Amino acid sequence: MTTTGIPGSPATDLGFLLHKHPDKAQQFSTSHGTAHVLYPEADDERCTAALLLEVDPVALVRRAKGKGRGGAPDSALAQYVNDRPYAASSLLAVALAAVFSSAFKGQSAARPELPGRTRPLRIEVPALPARGGPGLVERLFAPLGWKVTAEPVALDERFPEWGDSRYVRLVLEGERTVAEALRHLYVLLPVLDDAKHYWVAPDEVEKLLRSGAGWLEGHPEQRLITDRYLTRRRSLTQDALERLALARLAESDDTEPERLDNAVDDEADTEERPVPLAVRRREAILGALRTVGAARVLDLGCGQGQLVGELLKDPRFTEVVGLDVSVRALRTAARRLRLDRMTERQAARVRLFQGSLSYTDRRLTGYDAAVLSEVIEHVDPPRLPALEYAVFGAARPATVVVTTPNVEYNVRWETLPAGHVRHSDHRFEWTREEFRTWAEEVARRHGYGVEFAPIGPDDPEVGAPTQMAVFHRNATAKDSGSTAQNSDRTTQDGDETVQGRNETMKEAKAA
Amino acid sequence: MTGTTTDDVRTLAVPELSLVVLVGATGSGKSTFAARHFRPTEVISSDFCRGLVSDDENDQSASGDAFDVLHYIAGKRLAAGRLTVVDATSVQPESRKQLVRIAREHDVLPVAIVLDMPEEVCAARNAARPDRADLPRRVIQRHQRELRRSLKNLEREGFRKVHILRGVAQADAAVVVREPLLNDLRHLRGPFDIVGDIHGCRSELETLLTRLGYALTRDGEGRPVDAAHPEGRTAVFVGDLVDRGPDSPGVLRLVMGMVAAGHALCVPGNHENKLGRHLGGRKVQLTHGLAETVEQLDREDDAFRQRVRAFIDALVSHYVLDDGALVVCHAGLPEKYHGRASGRVRSHALYGDTTGETDEFGLPVRYPWAEDYRGRVAVVYGHTPSPSATWLNNTICLDTGAVFGGRMTALRWPERELVDVPAERVWYEPVRPLVSEAPGGADGRPLDLNDVTGRKIVETRHLGRIAVKEENAAAALEVMSRFAVDPRLLAYLPPTMAPCATSKEEGYLEHPAEAFAAYRADGVRQVLCEEKHMGSRAVVLVCRDADTARERFGASDGTRGALYTRTGRPFLDDKDTAGRLLDRLARCIGDAGLWDELGTDWVLLDAELMPWSLKAEGLLRNQYAAVGAASRAAFPGVLSALEAVAERGVDVAGLLGRQRERAGDAEAFTEAYRRYCWPVGDATGGGRLDGVRIAPFQFLAVEGRSLAGLPHDEQLALADRMIAAEAAAPYAHRVLAPTRRLVVDTEDEASVAAGVRWWLDLTAAGGEGMVVKPLQALARGADGRLVQPGVKCRGREYLRIVYGPEYTRPENLARLRIRHLGHKRSLALREYALGLEALDRLAEGEPLWRVHEAVFAILALESEPVDPRL
């Protein structure tokens, strides 16, 4: 932070403002390492104070390790290979507030008149992690009266194809009080960093209100700032623990945890912000289930339980089972459905459990209907036959409802680049013809009839955005045949039991 | 019906495992009787339970809860196989009904001992007890009335034995004798030769018994009537002697003779059971080969048929043998039925766990009970024909379909050796083929969730039982289901590998001296140092052609194999490149002549695929390169600021020096990861292999054979031949990369020093490091336990990528040396054993679910909490 002299106050007054003497090298121990305050230049004209936080990378990992059993709750912070020692992160923000606590409050014991005065300030942050890039940096600081220079830092000049890193070199110039400048940095550094391991303490709201006083309320990006600042309030450690096992698998495979742990999207299709097409889809599925009079229903691949929730609203569905392969999705579903607060009678209607349609599953037999809503497109095509067998061959509900995107409609999505799928995890998206071919083949092989319906606006040229197939199990000759076999066997079995009893008598006699 | 001897001394027979119900009015002396004949812990009294729930043994209002407790305790004891005595009046039918139900639920025999005492005796005894002194006389009278009414009904109520003691003298003189059950032959210790289903294949049976070392005795007509083993071994037949085959009477004659002579034991199969009913004059359908037996028996005389009938009638559903270590029965038996006696125990022993449904061939659908079996007792059975006999959860089915043209199999116990003979011909066409078209491979059953989820125990040949925790299975299920290649192509996952012990050498965290010393301590003399390539681990299934991939592995999309990562994910998103790579490998294997030499149409390879950036680009960009970028952005400013501070005369020499070193460390870190990154393909894309390198270092398995036991130098020699074949062909880009190696003798100081030097040179030139493996695979230490199959020694610079740019600073190294290798080593061994198991199962042609079980367990173990930097 550099300032220049102003009338009645030489630049070296920065020392009074920060409460740190310009001719000393001072160090302070903070929770994540040693903070040094130094003055590379200090005369009446120009004075620069530098804050250097020496993060102890080993302590960072070992400390994090203590939080969860047998491993860090957040694998990113648990890495020894970590940008924290180099980048201006939340750790720096915390150090800033601790080291310059009086300046932060706008107090100066020796020169009480100084803190209230604005003065020309230049602040340089050499490596600022900025999720959102230079654009967002500009949007956050410029409304506060700063002239912003944010230059992206290349990831590795040896590999120009890798592009820019998430860091920028930030220079802010403006006429503000030192306290204001510190408070801006204190709030906005972690907001830009947006690191997943930004632990939010219970009093974080208080801190935000205090530090944001006077500037946050009118800030055009106020929503984004508060969201990012507070977004991790909800038991972050808990969240991290839930995905620990999965994160370890990612780690052992040199993969980022997010690439495997992508089953839950906390933003999309929430109760507060439902996606219109998803609503239409659920209406269509419920309609199909009501038409066939299904009462006991499986939602296979229930995700975060949106459809399960809709089904529970209708008492005709007496038993609703949500199955998903993602434990995290199921936990989110349980939370959203408020399973722990349901009455016993309500709770008795619903069950959520982990399962996978790559495997047959005895728990899934004997239901009226199964729904596979937006599920098949998440399965690699070579593994679809196993899913088909698990659902149509093994579980064999009377009705199966399948929905999947209609790829032809993609040209109507303005935001979707040509040739792209709608979701990064989609392994394929089918045309109406492809879906029809698949569904009819499945129906033929497993003794079902099938009919199709569009969901969403039915475009004359490309069809509807979602396509639905409803399968009805045939009462086949094979089924009746096996019933006959059964009754035959029952008499045999009855016989058997008598025989068995005699045997027992015999053993008893001899005993 | 039972127990009556003289009027003076009554001997009351009680099965060793039974529920004994004392019946008698209040004051009839039940507790005294129980205390005299049973251990205190065997007796549960209603008074005691009343006290437990209400603090008052005589509080009749607490009876309901008290009996709940009593029933609960009785149930727990019976489930654990302990004789239990219920001390309550039990004079009312309803109360006894519940006890009979509990006995049945646990498949034990209910026994009633009735104490029928004169009213005066009961009254006098109650009067002597202060807490019962004011009990109205009418209560005793009511009990007496109810007791008398009950007496004649007890057997009908389900009591298998009823002992009635009348009067004080008889009760005092009675003696309780515990008797073993018929199925309890624990005192017989064998050794045994257990023979699978025979189905009238007399000739094969003779051959098998001869192979087992039995000497046959023949009657005047040359028919075998007995067989004895010179070492006194006992044959045990698992049943299904008859039906379908050519000579059921001949088999019966031999087996009956052996049993009568004490040379064999026999349990009944469902076919004997049905034949017995037929011979007993009941109407049964002459299906499933019974017609043949009946026809053959018609040619025998009536006396023989009577003998057969008596023989079958006397068969006991199952036997517990060899001190309780072995159970033999026909169709298998879950642990809770062992040594028990009830209709359903017999039914399970004969038919297995049928679901009540039938399959498309009209045959009953069987619940695979053995998959859930977790008992310590080995269960040997037959009944379900399968291509080969294999142990599963300590159970083994010996029916290998002799009558269908398969084999007849015997198990030597306790040696656990299998001995079999081929069928002389197909005697009977099977109704259902042994395989079906359901997705799931040769066993005709697709993968089931129960194969993999929940807490699992996987039996391995090299390390015994390996447990998988539920939460680890849950994580593995998600990755396996959502990201892995088709399980049919995923026959193996590579085990994790532990690093060598932490080095105390200055400046080093890992150093080869530790690896050599550890193997020397394990008694492993020759080790092979293999260069580590710092790519990404890749397992490659290469088939000679797409047809092989389809027929052997069920690949559906015309591929000739699979290339996958250590968690089973497809290695390359781009199918085209993956296809080219597989083609190249297949061609090199072919050009090296290895298809024919190894006698196979497919090979499973363990390899390293380079560059690292090919797979780990996301990680590189978001983590490794990012850290480098941040450091390069930060340090110039930091250093110039500190220099300016120093120029102002402020003493920051220490700080400045330290920051310069840190900047240097960050630069070294960047150099470290850059070595493992380079671009691949050409600008036009299109699945080019330019820049892609693959270093195969182990041939894991080929058709019919796991190669995991091949010494590692021979393994690398096979890889070298592939490389030579590639070099001899006119390819524009070489894909195969050689693996440098060095053999070290851990006992020879000069050799060890050479090994250390080799590693220093390798890593100084930018190498990742090396893996040290016992030259002979499957090495075991002096104590007979598996030693680590390999340990890694990572280079000093490479470790910056793992422990951070500044890990070499002395204060950091000192702390980093505190690392705990125990769990990682244990994990490495367990995963190794599971990998070997998967390969063995694959090579032996076991069903998909068996191979998948082991592979899945490896993936699950990978999610165990172990320091990821090890």
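Trainee: Which helices of chain B pack at an angle of about 115°?

Mentor: Those are helix α16 (residues 470-482) and helix α28 (residues 848-862) of chain B, and their axes lie 8 Å apart. Please keep in mind that this is a predicted model.

Trainee: How should I read such a pair?

Mentor: Here is the general idea: two packed helices are described by the angle between their axes and by the distance between those axes. With the angle of about 115°, α16(B) and α28(B) are therefore roughly perpendicular to each other. The crossing in which α16(B) passes α28(B) is right-handed.

Trainee: Which residues make the contact of α16(B) with α28(B)?

Mentor: From α16(B) come N472(B), A473(B), A476(B), V479(B) and M480(B), while α28(B) offers F856(B), L859(B), A860(B) and L861(B). Sorted by class, this contact holds eight nonpolar residues, one polar residue and no charged ones.

Trainee: Which helix of chain A packs with α16(B)?

Mentor: Helix α10 (residues 244-252) of chain A does, at an angle of about 55° and with the axes 9 Å apart. The two helices, α10(A) and α16(B), are therefore oblique to each other, and their crossing is right-handed. A245(A), L246(A) and L249(A) of α10(A) meet E471(B), N472(B), A475(B), E478(B) and V479(B) of α16(B). Five of the residues in this contact are nonpolar, one is polar and two are charged. Notice that N472(B) and V479(B) take part here, and that N472(B) and V479(B) are also listed in the contact with α28(B).

Trainee: How many residues of each chain are in contact with the other chain?

Mentor: On the chain B side there are 94 residues, and they contact 79 residues of chain A. Helix α21 (residues 612-647) of chain B gives the most to the chain B side, with 23 residues. That side of chain B divides into 45 nonpolar, 24 polar and 25 charged residues.

Trainee: Now a pair within chain A: at what angle do α3(A) and α6(A) cross?

Mentor: Helix α3 (residues 90-99) and helix α6 (residues 178-193) of chain A cross at roughly 165°, and their axes come within 8 Å. That angle makes α3(A) roughly antiparallel to α6(A). In this case the crossing is left-handed. The contact joins S90(A), L92(A), A93(A), L96(A) and A97(A) of α3(A) to L182(A), L185(A), Y186(A), L189(A), P190(A) and D193(A) of α6(A). Nine of these residues are nonpolar, one is polar and one is charged.

Trainee: And how do I read a sheet?

Mentor: In general, strands of a sheet pair through backbone hydrogen bonds, either parallel or antiparallel. Chain B has an open sheet of five strands in the order β3-β4-β2-β5-β6, with parallel pairing. Its edge strands are β3 (43-45) and β6 (161-166), each of which pairs on one side only. From one strand to the next, the twist averages 20°.

Trainee: How many bridges join β5(B) to β6(B)?

Mentor: Six bridges join strand β5 (residues 109-116) of chain B to β6(B), and the two run parallel. One partnership to look for is D116(B) with R166(B) in β6(B). At the other edge strand, helix α2 (residues 46-54) of chain B lies across β3 and β4 (84-87), running at about 60° to β3(B).

Trainee: What are the overall dimensions of chain B?

Mentor: The C-alpha trace of chain B spans about 115 × 80 × 50 Å along its principal axes. The radius of gyration of chain B is 36 Å, whereas a compact globule of 870 residues would have one near 29 Å. Chain B has 28 helices and 34 strands.

Key:
Residues numbered from 1 in each chain as written. Chains lettered and ligands numbered in written order. Predicted model: local features only at pLDDT ≥ 70, side-chain atom pairs only at ≥ 80, totals over all residues. Contact = placed C-beta atoms within 7 Å. Helix = DSSP H or I, 4+ residues; strand = E, 2+ residues; numbered from the N terminus. Nonpolar A, V, L, I, M, F, W, Y, C, P; charged D, E, K, R; others polar. Axes fitted to C-alpha atoms, helices over the stretch in contact; angles between N-to-C directions. Parallel < 35°, antiparallel > 145°, perpendicular 65-115°, else oblique. Left-handed = near helix turned anticlockwise from the far one by under 90°. Pairing = 2+ DSSP bridges. Rg over C-alpha atoms; globule rule 2.2 N^0.38 Å.
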